[in-house]
Amino acid sequence: MQALTNRVKDVDRRPMTFGEKIYLPAVLKGMSITFSHMFRKKPTINFPEQTRQFSPVFRGLHVLNRDEEGRERCTACGLCAVACPAEAITMEAAERKVGEENLYREEKYAARYEINMLRCIFCGLCEEACPKDAIYLSETFTPSNYNRKGLIYDKEDLLIPNPLTEKADLAKAKGL
Ligand code: SF4
Ligand code: SF4
């Protein structure tokens with residue numbers, strides 16, 4: 001019969017030798033492999049006590065950025081949502097009112113901004129699309145959660161602490 005691949009092997013049906021019947025050589029061979037691994041460097045990392053060095057291009061949890069005066073950079077233009085291949089971003093725009101210039105940098109801002117982390121594939125296209133440097137992917141993991149709603153991040157979850165009024169929180173968020 002013609003084989004479909006060249007990986008076919010004939011089954012060895014010869015009677016077992018005495019050494020094969022007592023299994024001892026095979027057991028010793030297996031033990032020697034186990035023993036040799038005891039002296040090798042462990043490839044596993046004891047997370048969270050130890051953390052792995054991230055790649056320079058690692059893309060983690062999203063952050064909504066503020067400017068140096070603590071104002072939200074996002075102008076709710078929607079380009080990130082349009083660029084997102086997973087349709088994970090939702091937002092609602094609002095007009096900045098007189099007296100809110102210290103809160104929002106642009107005349108329009110995101111009154112609501114959500115990212116569904118269950119849909120996100122961490123491709124970084126939202127970051128690339130943003131003309132205001134308002135969203136970027138940080139070097140932080142998305143924490144696990146027991147319910148699906150907990151993985152839909154709203155603006156309060158995503159905004160970085162204010163560099164003027166929440167200096168301690170900002171330093172903590174940056175791991176300083
Ligand atoms: S990283 Fe990619 S999938 Fe995730 S929100 Fe941004 S564009 Fe969408
Ligand atoms: S994060 Fe950037 S691209 Fe997305 S709505 Fe805000 S300003 Fe526009």
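Ligand 1 sits among 14 residues, and the closest of them are Cys84, Cys120, Cys123, Leu125 and Cys126. Keep in mind that this is a predicted model. What kinds of residues make up the shell around ligand 1, nonpolar, polar or charged? The split is 13 nonpolar, one polar and no charged.

Ligand 2 has its own surroundings. Of the 14 residues around ligand 2, the ones that come nearest are Cys74, Cys77, Leu79, Cys80 and Cys130. Its shell divides into 11 nonpolar, two polar and one charged. Here are the two shells side by side.

| Ligand | Residues around it | Nearest residues | Nonpolar / polar / charged |
|---|---|---|---|
| Ligand 1 | 14 residues | Cys84, Cys120, Cys123, Leu125, Cys126 | 13 / one / no charged |
| Ligand 2 | 14 residues | Cys74, Cys77, Leu79, Cys80, Cys130 | 11 / two / one |

Some of these names come back in the protein's interior. The largest nonpolar core has 17 residues, and those with the most contacts inside it are Cys74, Cys80, Ile89, Cys126 and Ile135. Strand β3 gives the most to this core, with four residues. Cys126 is among the residues closest to ligand 1, while Cys74 and Cys80 are among those nearest to ligand 2.

Ile135 is worth a look of its own. Leaving out residues up to four places away in sequence, Ile135 touches His62, Leu64, Asn65, Cys80, Cys126, Glu127 and Cys130. Of that list, Cys80 and Cys130 also belong to the nearest residues of ligand 2, and Cys126 to the closest residues of ligand 1.

Now for the sheet. In what order do the strands of the open three-stranded sheet run? The order is β2-β3-β5, and the pairing is antiparallel. The edges are β2 (89–95) and β5 (152–153), each of which pairs on one side only. As background, strands of a sheet pair through backbone hydrogen bonds, either parallel or antiparallel.

The pairing can be followed bridge by bridge. Seven bridges join β2 to β3, and the two run antiparallel. Ile89, one of the core residues with the most contacts, stands opposite Ile115 in β3. On the other side, two bridges join β3 (residues 108–116) to β5, again antiparallel. Ile115 turns up here too, with Tyr153 as its bridge partner in β5. Next along, Asn116 stands opposite Ile152 in β5.

Stepping back to the whole protein chain, there are six helices and five strands. Read along the sequence, they follow the pattern α-α-β-α-β-β-α-β-β-α-α. The radius of gyration is 27 Å, well over the 16 Å that the globule rule gives for 176 residues, so the chain is more spread out than a compact globule. The C-alpha atoms fill a box of roughly 95 × 45 × 30 Å along the principal axes. Of the 176 residues, 12% count as buried. Among contacts between residues at least 6 apart in sequence, 72% join residues at least 24 apart.

Helix α2 (residues 24–37) holds Leu28. Is Leu28 buried or exposed? Leu28 is exposed, because 11 other C-beta atoms lie within 10 Å and the cut-off for exposed is 12 or fewer. Leu28 and Asp10 are 18 residues apart in sequence, yet their C-alpha atoms are 26 Å apart in space.

A few backbone details are left. Most residues other than glycine have a negative phi, and most peptide bonds are trans. Where does the chain have a cis peptide bond? One runs from Phe47 to Pro48, with omega near 10°. Pro48 lies in the loop between α2 and β1 (62–64).

Two residues other than glycine have positive phi values: Glu87, near 50°, and Asp133, near 55°. Glu87 is placed in the loop between α3 (79–83) and β2. Asp133 is in the loop between α4 (125–129) and β4 (135–137). Why does Glu87 count as exposed? It has 11 C-beta neighbours inside 10 Å, and exposed means 12 or fewer. Asp133 counts as exposed as well, because it too has 11 C-beta neighbours inside 10 Å.

How values were computed:
Residues numbered from 1 in each chain as written. Chains lettered and ligands numbered in written order. Predicted model: local features only at pLDDT ≥ 70, side-chain atom pairs only at ≥ 80, totals over all residues. Near = placed C-beta within 6 Å. Nonpolar A, V, L, I, M, F, W, Y, C, P; charged D, E, K, R; others polar. Pairing = 2+ DSSP bridges. Buried ≥ 20, exposed ≤ 12 C-beta atoms within 10 Å, placed from the backbone. Rg over C-alpha atoms; globule rule 2.2 N^0.38 Å. Contact = placed C-beta atoms within 7 Å. Core = buried A, V, L, I, M, F, W, Y, C linked by C-beta atoms within 7 Å.
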